[in-house]
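User: I'd like to go through the terms used for this model and check each one against its cut-off. Could you take them with me one at a time?

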Amino acid sequence: MSDEIHINVGGTLFETKWSTLQRHCDTLLGSLTTTSEYYNNVRKQFFFDRNPELFNTILDFYRNGVIHFPTHICGWNWKQELEFWRIPVTDISECCYPKYIKYEKDQNLVNYIKNAFIVRTAEYQTHKVSCLAGIKQRIWLFLEEPTSSIAAKIFSIFYLLIVLLSAITPILATHPDVRQKVVDLDVLIYWVNLNGLNFWLNKQNPKEVMFVTTEQPKWLEDLDLF
């Protein structure tokens with residue numbers, strides 16, 4: 001029997017060797033025989049209804065011994081491909097494994113959130129949901145879904161204003177037009193020298209001069225505390 005093998009993947013014909021595939025005999029391709037359900041006895045080729053673009057990477061695994069994922073392909077697609085071709089995740093290359101694990105962690109987190117906070121409309125209508133679950137559901141909708149109610153919209157707007165205020169306050173506190181002058185520079189230097197204090201100031205630096213001769217207004221201090 002010839003060592004050549006022809007594999008039709010989604011209408012694209014690939015050619016490789018039996019000996020190449022049998023390097024990993026525990027996988028789907030490595031365990032193929034002419035009695036397999038995927039073998040077309042008329043065309044003398046194997047047919048798989050899979051994505052041919054992804055199959056190039058699968059085939060390279062048998063040639064090189066490790067899986068390298070193209071970065072433009074979604075992690076979900078690779079998970080499905082590895083499961084179909086029965087390739088263990090331990091054969092993913094070290095450089096690509098963190099990306100695959102990240103997808104797995106992200107997917108697990110999404111599933112956890114969906115299971116924890118999914119809207120159970122049918123259960124609410126039939127009063128099968130517990131009181132505690134109902135309260136948790138309302139709290140989650142109030143905090144995470146601004147469109148769920150008028151109160152949620154008001155809270156979202158208020159929260160956004162607080163965030164903006166927190167970002168603007170430090171900017172105002174350092175703006176020269178907002179700060180209030182408390183002492184002249186010459187008076188400050190005279191007082192420091194009179195009391196024999198160690199005081200270093202670069203008079204050529206306007207920012208240093210501003211901070212030692214001015215202070216932020218009372219209303220800004222109150223706003224910052226708020």
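User: Why is lysine 44 called partly exposed?

Analyst: Lysine 44 has 48% relative accessibility. Buried means under 20% relative accessible area, exposed over 50%, and partly exposed in between (1.4 Å probe, protein chains only). The 48% of lysine 44 falls in between, so partly exposed is the right label. Do keep in mind that this is a predicted model, in which local features need pLDDT of at least 70, side-chain atom pairs count only at pLDDT 80 or more, and totals for chains, interfaces and linings use all residues. Residues are numbered from 1 along each chain as its sequence is written, and side-chain values use heavy atoms, with hydrogens and water left out.

User: What is notable about the phi of lysine 44, and where does this residue sit?

Analyst: Its phi is near 60°, a positive value in a residue other than glycine. Lysine 44 lies in the loop between strand 3 and strand 4. These two strands form a hairpin with four residues between them. Helices (H or I, at least four residues) and strands (E, at least two) are DSSP runs, numbered from the N terminus.

User: What makes strand 3 and strand 4 a pair?

Analyst: Two strands pair if DSSP finds at least two bridges between them. Strand 3 (residues 39-40) is joined to strand 4 by two bridges, so the condition is met, and they run antiparallel. Asparagine 40 stands opposite glutamine 45 in strand 4. Strand 4 also pairs with strand 1, in the parallel sense, over three bridges; there asparagine 8 stands opposite phenylalanine 47.

User: How do you know that threonine 20 is buried while threonine 35 is exposed?

Analyst: Threonine 20, in helix 1, has a relative accessible area of 10%, which is under 20%, so it counts as buried. Threonine 35, in the loop between helix 1 and strand 3, reaches 71%, which is over 50%, so it counts as exposed.

User: Why is the link between threonine 35 and threonine 33 called a polar contact?

Analyst: A polar contact is a pair of N or O atoms within 3.5 Å; within protein, one must be able to donate a hydrogen and the other to accept it, and residues adjacent in sequence count only if both atoms are side-chain atoms. The side chains of threonine 35 and threonine 33 are joined at 2.8 Å, so the distance is within the limit.

User: What makes a group of residues a nonpolar core, and which members touch the most others?

Analyst: It is a set of buried Ala, Val, Leu, Ile, Met, Phe, Trp, Tyr and Cys residues joined through side-chain atoms within 4.5 Å. The largest one here has 28 residues, of which Leu29, Phe55 and Ile58 touch the most other members. Helix 2 gives the largest share, six residues. Contact means heavy atoms within 4.5 Å; leaving aside neighbours within four places in sequence, the contacts of leucine 29 include Ile7, Phe48 and Trp85.

User: How do you know which parts of the model to read with care?

Analyst: pLDDT is the predictor's confidence in each residue, from 0 to 100. The protein chain averages 82, with 88% of the residues at 70 or above. Among the elements, strand 4 has the highest mean (96) and helix 5 (residues 121-125) the lowest (47). Over residues 121-126 pLDDT stays under 50. Where pLDDT is low, the predicted coordinates should not be read in detail.
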